[in-house]
Amino acid sequence: MKGEVMSHIYDHLGINPIVNAAGTYTVIGGSRMSETTLQKIAEAASQHVEIRELQRVVHEKIADMTQNEAAFICNGAASGLYLCTGAAIAKKKGKPAYYLDKQEIADSEIIIFAAHRNPYGQAISQYGATVKEIGYPNIILPLTEQDLEMAINEKTVAIFFFAGDQGGWVAKGGLSFEATAKVANAHGIPLVVDCAAQIPPISTLWDYTHNGADAIVVSGGKDLKGPQASGLVLGKQDLLQYVQTTGFPNYGYGRMLKTGREEIVGLYWALKEALETDHDARDQWAEQQIRILADELATTELFRVERTYPNEAGQPMARASVRFPSDVTSEQVLKLLMQGHPRVMCNSEHDNQVFVNPMTLKEDEIYIVVNKFKEIEKLIERGNK
Ligand SMILES: *Cc1c(COP(=O)(O)O)cnc(C)c1O
């Protein structure tokens with residue numbers, strides 16, 4: 001209405017927003033789109049286009065930009081895993097996923113290292129194919145190439161591999177990517193790699209597919225800074241043509257994984273910006289945030305800051321570990337950070353410390369984090385008296 005002052009939507013809803021010093025966690029909104037990406041989405045949303053034409057043009061551009069044969073935008077890396085599962089079965093049976101019957105799906109086998117099983121792998125299992133786990137997590141006796149070869153048979157439609165540092169979603173006990181690719185390629189079995197959170201480095205967009213992977217899946221809503229409900233499949237045309245005939249806007253499975261022109265254009269633009277980003281400058285910015293935090297908290301009694309590298313997702317980016325004495329618990333500090341307005345979310349992996357991850361902070365938000373820690377020191381001192 002004329003003259004009415006517009007309140008922020010989160011004020012309108014009575015929701016207390018979070019300063020994200022934890023990382024690109026989906027449950028708190030992943031990453032943040034740039035102002036330009038938001039503007040491109042608004043432009044895209046304001047006019048009608050043929051979705052299939054938009055997909056064809058954008059996918060071709062993205063394939064070129066990322067040095068891949070083909071690309072497909074879906075609504076998250078998890079749906080990318082699901083689509084690649086359908087595509088691998090469809091490729092083996094030589095028909096679009098829409099025409100596969102339950103028995104054909106159930107008869108198909110997918111190989112995964114037991115050490116790579118994690119909740120995201122449900123996106124593969126849910127398709128209904130038989131998932132064959134090989135090896136054991138954290139076993140002393142390592143898996144061999146022969147173990148993988150012996151697991152392959154005429155029903156095998158794909159091998160799925162989870163990239164990432166051991167300790168996160170991946171345990172010890174799988175083969176290396178190189179060894180897996182060697183066996184998969186020798187047997188002509190499509191190799192799909194979950195790289196959802198493996199950016200940075202940006203070279204993840206081509207490293208795996210240039211070295212034997214048939215497809216990778218990446219989250220659009222994590223460090224690519226695209227729409228939250230977006231994801232990307234990249235790779236060889238041979239497999240990607242089936243991803244395309246399985247995915248939206250085709251009926252069947254794809255229809256449930258809708259991507260609008262907002263997601264398609266938003267992810268395209270975010271990706272373009274990610275490729276144009278000066279990554280060294282960004283790393284230096286992150287280092288600077290850690291130094292600010294360390295300098296500011298050096299004046300406190302309670303907190304000491306240490307730089308750690310790499311971060312929880314194994315990404316080549318530094319974070320700060322804020323340490324405190326043994327009578328203060330991590331839970332206590334995390335809880336106090338999330339109280340008040342604004343509130344701050346951090347993570348903890350050990351006792352008596354919390355991590356401050358600069359990758360999701362905006363300009364100057366580090367000072368909100370600094371002030372929060374200073375407030376907490378006062379609260380804890382007062383509590384002790
Ligand atoms: C985040 C993540 C996913 C899911 O990505 P979405 O884009 O949120 O669907 C899948 N696999 C791994 C390893 C992840 O970290």
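This tour goes through a predicted model, beginning with its two domains and then visiting the sheets, the pockets and a few unusual backbone positions.

**The two domains**

Begin by colouring the chain by domain: residues 9-29 together with 279-384 make up domain 1, while residues 35-276 make up domain 2. The centres of domain 1 and domain 2, taken over C-alpha atoms, are separated by 32 Å, and the contact draws 11 residues from domain 1 and 12 residues from domain 2.

**The seven-stranded sheet**

Next, select the strands of the open sheet whose order is S2-S8-S7-S6-S5-S3-S4, where seven strands come together with mixed pairing. Strand S2 (70-74) and strand S4 (130-134) are at the edges and have a single partner strand each, so one side of each is left without a neighbour in the sheet. On average, and with direction ignored, neighbouring strands of this sheet are turned by 25° against each other.

Within this sheet, display strand S7 (residues 215-219) beside strand S8 (residues 231-235), which are paired in the antiparallel sense over five bridges; to find a point of register between them, label Val218, which stands opposite Leu232 in S8.

Now add helix H8 (residues 177-187), which packs on the sheet and touches strand S3 (109-113), strand S5 (156-162) and strand S6 (191-194), with its direction at about 155° to that of S6. Helix H10 (residues 237-246) also packs on the sheet, where it touches S2, S6, S7 and S8, and the direction of H10 makes about 30° with that of S2.

**The three-stranded sheet**

Move on to the open sheet of three strands in the order S9-S10-S12, in which the pairing is antiparallel. Its edge strands are S9 and strand S12 (353-356), each of which pairs on one side only, and the twist from one strand to the next averages 30°. S10 and S12 run antiparallel and are joined by four bridges; here Arg323 can be picked out opposite Gln353 in S12. With helix H12 switched on, one sees it lying across S9, S10 and S12, running at about 160° to S9.

**The largest pocket**

Where should one look for the largest pocket? Domain 1 (9-29 + 279-384) and domain 2 (35-276) both contribute residues to its lining, so the largest pocket lies between them. Its volume is about 1500 Å³, and a practical way to centre the view is to select Ser31, Arg32, Met33, Thr360 and Lys362, which are the closest to its centre of the 48 residues that line it.

From there, bring up the elements that each supply at least two residues of this lining, namely helix H1 (9-13), strand S1 (18-20), helix H2 (35-45), helix H11 (261-276) and helix H12 (279-297). H12 gives the most to the lining of the largest pocket, with four residues. Colouring the lining by residue class shows 23 nonpolar, 15 polar and 10 charged residues.

**The second largest pocket**

Then shift the view to Gly168, Trp169, Ala197, Glu312 and Ala313, which lie nearest the centre of the second largest pocket among the 31 residues that line it. This second largest pocket has a volume of about 600 Å³, and its lining holds 12 nonpolar, 13 polar and six charged residues. Residues of the lining come from both domain 1 (9-29 + 279-384) and domain 2 (35-276), so the second largest pocket lies between them.

**Backbone details**

As background to the last stops, most residues other than glycine have a negative phi, and most peptide bonds are trans.

Select Tyr309 and Pro310, which are joined by a cis peptide bond with omega of about -10°; Pro310 is in the loop between strand S9 (304-308) and strand S10 (319-323). A cis peptide bond also joins His341 and Pro342, with omega of about 0°, and Pro342 is found in the loop between helix H13 (330-337) and strand S11 (343-345).

Which residue has a positive phi although it is not a glycine? The residue to select is Gln67, with a phi of about 60°, and Gln67 sits in the loop between helix H3 (51-65) and S2.

Terms used: Residues are numbered from 1 along each chain as its sequence is written. This is a predicted model: local features need pLDDT of at least 70, side-chain atom pairs count only at pLDDT 80 or more; totals for chains, interfaces and linings use all residues. Side-chain values use heavy atoms; hydrogens and water are left out. Two strands pair if DSSP finds at least two bridges between them. Axes are lines fitted to C-alpha atoms, for helices over the stretch in contact, and angles run from 0 to 180 degrees between N-to-C directions. Contact means heavy atoms within 4.5 Å. On a 1 Å grid over the protein atoms alone, a cavity is a set of points where a 1.4 Å probe fits but cannot get out, and a pocket is an open set with protein on both sides within 12 Å along at least five of seven lines; lining residues have an atom within 4 Å of a point. Grid points are joined across faces, edges and corners, and a volume is the space filled by probe spheres set on the points. Ala, Val, Leu, Ile, Met, Phe, Trp, Tyr, Cys and Pro count as nonpolar, Asp, Glu, Lys and Arg as charged, and the others, Gly among them, as polar. Domain bounds come from an automatic or database domain assignment.
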